[in-house]
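This report describes the fold of one protein chain for a reader who is new to structural work. Please keep the sequence and the three-dimensional view at hand while reading.

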Amino acid sequence: MTSVSEAKDRLSSGVRGITQIVRQKIFGVNNEHIDFVMDSFYKLDPTQRNAAIGVLVGLISTFVVGAFSLYFLQVAALENDLNEVFLALNRVKALKADAAVANGRFDKLVGVVAHKTKGLVFKPYFEKISRDLNMEIKEIREKPVDPDPNNLLAAKIEEVHVDVRITKISIPKLLDFLVRVEKDGNLVRIQNLKITGLYGDKLFFDVETIFRGYQVNS
């Protein structure tokens, strides 16, 4: 506390000293500059006095007008700055609201995908369908899909391509198979389909289809 008080005292002494120097420069020692101006003014004749008073009034008026003009200019500039700040704050609030809505939709979408694909393992899933429809699948192979760095969902949802190859299947049974996969509610969709006819057989075909599925990253 003592050091703070001493610092305050030194600061006050310094300010008083500077103020005293400024007063002496403007008004002179013992106000001698003011006395000189007053003596000079009274030595003037009435016409010169009136002219001096007019000049003084003009200078004071110019100073006052200039001061008020500068004040109002500063106030106007401050109001413009405040308006820009308020506009920026409103834009930030709007962006935050939009971001909250987008985050809500994002989380809801991730939740829907997680619910629909919970416990889904692609190979056993397709093997079960083949048994239910009494059909034979030659090969089931999962293909990794490189995530799109511009897609925010890629951080949460992984896209998987499943290559399913079937031999000697009829068109009606193939349609049953594809419809069953699409309607199962596991978000598995047909990405590509290739049907190849068998030589000398018009009823059965070899099929290669790629399904697109999704899994939520843990």
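In what order do the strands of the open sheet lie? The order is β1-β2-β4-β3, and the four strands pair in an antiparallel manner. The model is a predicted one, and the sections below treat its confidence, its sheet, its helices and its loops in turn.

## Overview and confidence

The chain contains five helices and four strands. Read from the N terminus, these elements follow the pattern α-α-α-α-β-β-α-β-β. Buried residues account for 16% of the 218 residues. Among contacts between residues at least 6 apart in sequence, 64% join residues at least 24 apart.

How confident is the predictor in the chain, as given by the mean pLDDT? The mean pLDDT is 79, and 76% of the residues reach 70 or more. Confidence is lowest in helix α1 (residues 2-27), where the mean is 59, and highest in α4, where the mean is 93.

## The sheet

Strands of a sheet pair through backbone hydrogen bonds, and the pairing may be parallel or antiparallel. In the open sheet of this model, the pairing is antiparallel. The edge strands are β1 (137-144) and β3, each of which pairs on one side only. On average, neighbouring strands of the sheet are turned by 15° against each other, with direction ignored.

Strand β4 can be followed through its bridges to two partners. Eleven bridges join β4 to strand β2 (residues 157-169), and the two strands run antiparallel. Nine bridges join β4 (residues 201-216) to strand β3 (residues 189-198), again in an antiparallel arrangement. The table gives examples of residues and their opposite numbers in β4.

| Residue | Opposite residue in β4 |
|---|---|
| V164 | T209 |
| I166 | V207 |
| N192 | I210 |
| L193 | T209 |

T209 thus appears opposite V164 and is also the bridge partner of L193.

What do β3 and β4 form, and how many residues lie between them? They form a hairpin with two residues between them, and G200 in the turn has a positive phi of about 80°.

## Helices α4 and α5

Helix α4 (residues 122-132) packs on the sheet, where it touches β1, β2 and β4. The direction of α4 makes about 155° with that of β1.

Helix α5 (residues 171-183) has 13 residues. From its first C-alpha to its last, α5 reaches 18 Å, close to the 18 Å expected at 1.5 Å a residue.

Which residues of α5 are buried? They are L174, F177, L178 and V181. These residues lie on the same side of α5 because they cover an arc of only 90° around the axis. A general rule helps in reading such a pattern: an α-helix has 3.6 residues a turn, so residues three or four places apart point the same way. On the other side of α5, P172 and K183 are exposed. The cover over the buried residues of α5 includes α4, β1, β2, β3 and β4.

Just after α5, G185 takes a positive phi of about 80°.

## Residues in the loops

Three loop residues deserve a separate description.

T117 lies in the loop between α3 (46-116) and α4. Is T117 buried or exposed? Its relative accessible area is 8%, and T117 is therefore buried, the cut-off being under 20%. Leaving aside neighbours within four places in sequence, T117 is in contact with N186, L187, Y214 and V216.

L187, one of the contacts of T117, is found in the loop between α5 and β3. Although L187 is not a glycine, its phi is positive, at about 60°.

N134 lies in the loop between α4 and β1. The phi of N134 is near 55°, which is a positive value in a residue other than glycine. Why does N134 count as exposed? The relative accessibility of N134 is 64%, and exposed residues are those over 50%, so N134 belongs among them.

## Summary

In this predicted model, an open sheet of four strands has the order β1-β2-β4-β3. Helix α4 packs on that sheet, and α4 is also among the elements that cover the buried residues of α5. Confidence is highest in α4 and lowest in α1.

Definitions and conventions
Residues are numbered from 1 along each chain as its sequence is written. This is a predicted model: local features need pLDDT of at least 70, side-chain atom pairs count only at pLDDT 80 or more; totals for chains, interfaces and linings use all residues. Side-chain values use heavy atoms; hydrogens and water are left out. Two strands pair if DSSP finds at least two bridges between them. Axes are lines fitted to C-alpha atoms, for helices over the stretch in contact, and angles run from 0 to 180 degrees between N-to-C directions. Contact means heavy atoms within 4.5 Å. The expected span of a helix is 1.5 Å times one less than its number of residues. Buried means under 20% relative accessible area, exposed over 50%, partly exposed in between (1.4 Å probe, protein chains only). The arc is that of the directions from the helix axis to the C-beta atoms. pLDDT is the predictor's confidence in each residue, from 0 to 100.
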